[in-house]
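User: I would like a close look at one part of this model, followed by a connected account of how other parts are packed. Please take the sequence and the structure below as the basis.

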Amino acid sequence: MADITEVDYIWKNGEMLPWAEATTHILSHSLHYGSGVFEGIRCYQNPETKKSYVFRLRDHMERLHRSCKIALIDLPYSVDELCDATVELIRKNNLPSCYIRPIVYRGYGVMGVDPTGAPTDVAIAAWPWDSYLGDDALENGVSVGVSSWRQRSNNAIPPAVKATASYMNSILAKMEARQHGYAEAIMLNEAGLVCEGTGENLFAVRDGVLSTPPLSDGLLEGITRDTVLCLADDLEIPAIEESMTRADLYVADEVFMTGSAAELTPIGSVDGRIVGKPGEITRALQERFFDVAYGNVEEYADWLTEI
């Protein structure tokens, strides 16, 4: 984890506000009941050309709209408006690379579980943020443990909603993992099948085949997950969606996790069972991912928004 580096501006409800003035009332509905949805996005600077690109910006804002639809939150800005606001924010803060956090939440006005009448607040923040799981995580991998906390079921909080409320069990699982000496946790679903990390999707490789749990097992439909499946097809790596048990992770040849924050982070061990150094398929996908994110692969130019 890393402290937030303050920059100059945050976009909120259609305005650019100085960082310290982008505040919300203590009685905002979302603060008390978790009635918000959000996204995590990255902007990358190509180390050679020095051009900067937001990775799959439109896809993220479309998912934000879908989350609002499922959660019955009225989002008063279109996908185009949110994309334009993001680009303007990054430029105004002079950020060559950054992490971007759009959030839509029910604000101040009513109290109680029923949010009817609460206004909708929309904000976008961006700040410099390097490796999510540590400086050497992308290169050498991390150790993870299967959590005692289960992921929410499809009929508890819909996994298709990237909701603030969804992350309470992620918080519990993350803190448990850190107490046990792990960098990250893996959560199972209520059926005991592998679901996802606290904020990442999971992939395993065995005998040259790439596997990831299906959406029906209760995981978020990750945009980086989708990216990896597309890139695997490019590289002619066999890839399937299939349910997995924790034992499948123990005997895998390679394991890695994906997410906008985590990017493509190798896993070196699961519950003390050694997976080993990042393998050939993990490395190939990781290299291809960053080539795409840096704007070096013309066929994926439509995934990039130049700043």
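User: Does I274 count as buried or exposed, and at what relative accessibility? Please start from that residue and then go on to the helix packing and to the buried side chains.

Analyst: The model is a predicted one, and the values below are computed from its atoms. I274 counts as exposed, because its relative accessibility is 67% and the cut-off for that class is over 50%. The residue belongs to strand β16, which covers residues 273–274. When residues up to four places away in sequence are not counted, I274 touches G268 and S269. As for a residue further back along the chain, M244 is 30 residues from I274 in sequence, and the C-alpha atoms of the two are 18 Å apart in space.

Helix α8, made up of residues 280–293, packs with helix α6, residues 223–234, at an angle of about 110°, and the axes of the two helices are 10 Å apart. The two helices are therefore roughly perpendicular to each other, since angles of 65 to 115 degrees fall in that class. On the α6 side the contact is made by T224, T227, V228, L231, A232 and D234, which meet L285, R288, F289 and V292 of α8. Sorted by class, this contact holds six nonpolar, two polar and two charged residues.

R288, a residue of α8, can be followed in further detail. With residues up to four places away in sequence left out, R288 touches L231, D234, L235, V297, E299 and Y300. For the pair R288 and D234, the separation along the chain is 54 residues, while their C-alpha atoms are 9.4 Å from each other.

A second helix pair is formed by α2, residues 57–71, and α3, residues 79–92, which pack at an angle of about 130° with their axes 9 Å apart. That angle makes α2 oblique to α3, and the crossing in which α2 passes α3 is right-handed. The residues of α2 that take part are L57, R58, M61, E62, L64 and H65, and they meet V79, D80, L82, C83, T86 and V87 of α3. By class, seven nonpolar, two polar and three charged residues make up the contact of α2 with α3.

Two buried residues with polar side-chain contacts complete the account. E196, in strand β10 (residues 194–197), counts as buried because its relative accessibility is 5%, where the cut-off is under 20%. Its side chain makes a polar contact of 2.8 Å with the side chain of Q151, and another polar contact, of 3.4 Å, joins the side chains of E196 and R152. Once neighbours within four places in sequence are set aside, the residues in contact with E196 include Q151 and R152, along with A185, I186, M187, N201, L202, G218, L219 and L220.

H29 lies in helix α1, which spans residues 29–33, and is buried, with a relative accessible area of 1%. A polar contact of 2.7 Å links the side chain of H29 to the side chain of S35. Leaving out neighbours within four places in sequence, H29 is in contact with G34 and S35, with R106, G107 and V110, and also with G112, V113, D114, P115 and A118.

Terms used:
Residues numbered from 1 in each chain as written. Predicted model: local features only at pLDDT ≥ 70, side-chain atom pairs only at ≥ 80, totals over all residues. Heavy atoms only, no water. Helix = DSSP H or I, 4+ residues; strand = E, 2+ residues; numbered from the N terminus. Buried < 20%, exposed > 50% of the residue type's maximum accessible area, 1.4 Å probe, protein only. Polar contact = N/O pair within 3.5 Å; in protein donor to acceptor, adjacent residues only side chain to side chain. Contact = heavy atoms within 4.5 Å. Axes fitted to C-alpha atoms, helices over the stretch in contact; angles between N-to-C directions. Parallel < 35°, antiparallel > 145°, perpendicular 65-115°, else oblique. Left-handed = near helix turned anticlockwise from the far one by under 90°. Nonpolar A, V, L, I, M, F, W, Y, C, P; charged D, E, K, R; others polar.
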